[in-house]
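Trainee: I have a chain to read and want to start with its overall form. Could you take me through it?

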Amino acid sequence: MSTTIELKDIHWLIDMVHSIDVGIVIIDKDFSVKVWNGFMENHSGFLTTHMMDKKITDVFTSIPEDWLQQKVKSVCLLKNKAFTTWEQRPYLFKFKSYRPITSNAEFMYQNITFIPLTNIQGEVTQICMIVHDVTDIAISKQAFQKANAKLTLLSQTDTLTQLYNQGYWRERCASEFMSHKNSGRIASMIILDIDHFKVVNDTYGHPFGDEVLKGIADAIRDKSKKQDITGRFGGEEFTSLLIDTDLESAKLVAERLRKAIEAIHFEYQGTVVKVTASFGIAQITPSITDHKKLIEVADLGLYIAKNNGRNQIGISEH
């Protein structure tokens with residue numbers, strides 16, 4: 001009677017393993033497949049009869065054998081569960097996503113649980129891998145992270161020029177200033193102002209003025225190094241913190257930018273319109289104790305350039 005009950009229970013267990021909505025794969029220490037349930041059949045296209053006693057990494061060549069060996073070794077040694085999440089490895093078995101309407105994922109994201117299976121002597125002889133489909137969770141989290149990153153970028157960026165806005169630029173400037181000051185590294189600042197920009201707006205209109213601002217921003221991007229911190233300081237004023245750049249090198253950068261701006265041909269109703277800009281530059285020195293003072297010194301240089309006739313570089317003695 002008890003034998004009949006055991007056989008009945010085993011039948012139910014086998015039925016459950018094959019119908020459960022998670023993947024169940026059992027392999028031995030040589031990676032040979034011993035159990036391959038219905039979930040795995042449905043998503044891989046390989047029947048149990050095809051997979052039995054096949055080495056899993058021979059069939060699924062995208063599974064890194066060294067990585068799997070380390071996982072199996074760890075589970076066998078510790079006789080404890082191990083886990084791999086989709087954030088660590090998007091999938092172990094590259095299955096197509098079967099939710100094309102609710103998800104645009106190209107493949108099924110998976111969490112994997114590795115469970116040691118012991119014999120009656122307590123020795124680990126096989127490893128059970130449980131494959132959880134977490135595509136919806138992964139896609140939702142990625143969408144949230146993407147939206148959050150976009151909001152963060154919007155909060156940092158000037159909408160018109162796509163340079164840093166003044167608030168974020170000041171924040172970055174303060175942080176970089178302290179970093180350079182503490183490490184003894186050099187850095188310089190450029191502040192530029194478009195000459196007679198009010199006249200441009202009054203003569204050609206604000207939409208054209210916006211095109212000028214975008215053109216200047218493009219020139220700044222073109223003449224800046226990747227690590228430089230550039231921003232729109234407000235109105236027609238722009239600024240750039242030049243990382244690991246001394247005053248003489250900053251002067252060369254400013255001069256190249258001044259010439260580049262002077263060479264731009266803006267067009268308004270068939271008429272070529274040209275603009276110029278004035279520059280102030282400053283370098284971090286022992287007498288400059290914070291980023292506000294650095295801005296102030298560069299701004300004084302800008303005032304000198306304007307006072308001397310504009311379209312030039314000014315340097316303040318401090």
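Mentor: We go from the whole chain to one sheet. Keep in mind that this is a predicted model.

Trainee: What does the secondary structure of the chain come to?

Mentor: Count helices and strands first. Here there are eleven helices and twelve strands.

Trainee: Is the chain compact or spread out?

Mentor: Compare the radius of gyration with the globule rule. The chain has 32 Å, and the rule gives 20 Å for 318 residues, so the chain is more spread out than a compact globule. The box tells you the extents: roughly 105 × 50 × 30 Å along the principal axes, for the C-alpha atoms.

Trainee: What share of the residues is buried?

Mentor: Buried means under 20% relative accessible area. That covers 42% of the 318 residues. The chain exposes about 17900 Å², with 53% of that area from carbon and sulfur atoms.

Trainee: Now the sheet. What is the strand order in the open sheet of five strands?

Mentor: Read the order across the sheet. It runs β2-β1-β5-β4-β3, and the pairing is antiparallel. At the edges sit β2 (33–36) and β3 (82–84), each paired on one side only. From one strand to the next, the twist averages 20°.

Trainee: How many bridges link β4 and β5?

Mentor: Nine, joining residues 110–118 of β4 to residues 124–133 of β5 in the antiparallel sense. One residue to look up is Pro-116, whose bridge partner in β5 is Ile-127.

Trainee: Which helix packs on the sheet?

Mentor: Check contacts, then the angle. Helix α5 (residues 65–78) touches β1 (23–28), β3, β4 and β5. The directions of α5 and β4 make about 45°.

Terms used. Residues are numbered from 1 along each chain as its sequence is written. This is a predicted model: local features need pLDDT of at least 70, side-chain atom pairs count only at pLDDT 80 or more; totals for chains, interfaces and linings use all residues. Side-chain values use heavy atoms; hydrogens and water are left out. Two strands pair if DSSP finds at least two bridges between them. Helices (H or I, at least four residues) and strands (E, at least two) are DSSP runs, numbered from the N terminus. Axes are lines fitted to C-alpha atoms, for helices over the stretch in contact, and angles run from 0 to 180 degrees between N-to-C directions. Contact means heavy atoms within 4.5 Å. The radius of gyration is taken over C-alpha atoms; the globule rule is 2.2 Å times the number of residues to the power 0.38. Buried means under 20% relative accessible area, exposed over 50%, partly exposed in between (1.4 Å probe, protein chains only). Accessible areas come from the Shrake-Rupley method with a 1.4 Å probe; for residues, only the protein chains shown count as cover.
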